[in-house]
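This briefing introduces one protein chain to a reader who has not seen it before. Please look at the sequence and the structure first, then read the notes below.

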Amino acid sequence: LVMKSEGYLGEVTVDGEGPSRQIRVTLRYTESGMPVITGLRRVSKPSLRRYTSAEDAPVVRRGLGVSILSTPAGLLPDREARKRGVGGEVVCQVW
């Protein structure tokens, strides 16, 4: 939902019930047909977790991208984490 609120995804729906549920994600495209997401980088891995404070949250592509942080307040984009003053694990970066 963070990527949807940031404008990278179109529609996200859950189909079915129980163990056979499927999540359907629709990617957004520009008017010229180019994908909105041009890059995605996983930062934390199970073998190496990356944590940051709110002030040191990484800026992606000079503000044109977004870092997604897992914080005590839930998953937040870097701008919202700085605004709330909460740090956490850097999950990924999208641009």
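A residue counts as buried under 20% relative accessible area, as exposed over 50%, and as partly exposed in between. Arginine 49, at 44% relative accessibility, is therefore partly exposed. The model is predicted. The chain has 2 helices and 7 strands, and 29% of its 95 residues count as buried.

**Overall layout**

- Along the sequence, the elements follow the order α-β-β-β-β-β-β-α-β.
- The C-alpha atoms fill a box of roughly 40 × 40 × 25 Å along the principal axes.
- Of the contacts between residues at least 6 apart in sequence, 49% join residues at least 24 apart.
- About 6,700 Å² of the chain is exposed, and carbon and sulfur atoms supply 52% of that area.

**Charges**

- The chain carries 15 positive and 10 negative side chains. The centres of these two sets lie 6 Å apart.
- Arg41, Arg42, Lys45 and Arg50 form a positive surface patch.
- One member of this patch, arginine 41, sits in strand β3, which covers residues 40-42. Arginine 41 is partly exposed, because its relative accessibility of 43% falls between the two cut-offs.

**Salt bridges**

- The structure holds 5 salt bridges, including the three described here.
- Arginine 79 pairs with glutamate 6, and their closest N and O atoms are 2.5 Å apart. Arginine 79 belongs to helix α2 and glutamate 6 to the loop between α1 (2-5) and β1 (9-15), so the pair ties together parts that are 73 residues apart in sequence.
- Both partners of that bridge are partly exposed: arginine 79 has a relative accessible area of 40%, and glutamate 6 has one of 27%.
- Arginine 24 and aspartate 15 also meet in a salt bridge, with an N to O distance of 2.4 Å. Arginine 24 is partly exposed at 47% relative accessibility, and aspartate 15 is partly exposed with a relative accessible area of 29%.
- Arginine 49 forms a salt bridge with glutamate 89, with 3.2 Å between the closest N and O atoms. This pair links distant parts of the chain, 40 residues apart: arginine 49 is in the loop between β3 and β4, while glutamate 89 is in strand β7 (residues 88-94).
- Glutamate 89 has a relative accessibility of 14%, so glutamate 89 counts as buried, whereas arginine 49 is partly exposed.

**A buried aspartate**

- Aspartate 78 lies in helix α2, which spans residues 78-84.
- The relative accessible area of aspartate 78 is 2%, which means that this residue is buried.
- Which residues does aspartate 78 contact, leaving aside its neighbours within four places in sequence? They are Ala57, Pro58, Val59, Val66, Ser67 and Leu69.

**Backbone angles in a loop**

- Most residues other than glycine have a negative phi.
- Arginine 61, however, has a positive phi, near 50°. Arginine 61 is placed in the loop between β4 (51-52) and β5 (66-71).
- Arginine 62 also has a positive phi, near 55°, and is found in the loop between β4 and β5.
- Is arginine 62 buried or exposed? With a relative accessible area of 85%, arginine 62 is exposed, because this value is over 50%.

Note on methods:
Residues are numbered from 1 along each chain as its sequence is written. This is a predicted model: local features need pLDDT of at least 70, side-chain atom pairs count only at pLDDT 80 or more; totals for chains, interfaces and linings use all residues. Side-chain values use heavy atoms; hydrogens and water are left out. Helices (H or I, at least four residues) and strands (E, at least two) are DSSP runs, numbered from the N terminus. Buried means under 20% relative accessible area, exposed over 50%, partly exposed in between (1.4 Å probe, protein chains only). Contact means heavy atoms within 4.5 Å. Accessible areas come from the Shrake-Rupley method with a 1.4 Å probe; for residues, only the protein chains shown count as cover. Lys and Arg count as positive and Asp and Glu as negative; His and the chain ends are not counted. The place of a charge is taken as NZ of Lys, CZ of Arg, CG of Asp or CD of Glu. Patches are made of residues with over 30% relative accessible area and no salt bridge: like charges are joined within 9 Å, nonpolar side chains (Val, Leu, Ile, Met, Phe, Trp, Tyr) within 5 Å. A salt bridge is a side-chain nitrogen of Lys or Arg within 4 Å of a carboxyl oxygen of Asp or Glu.
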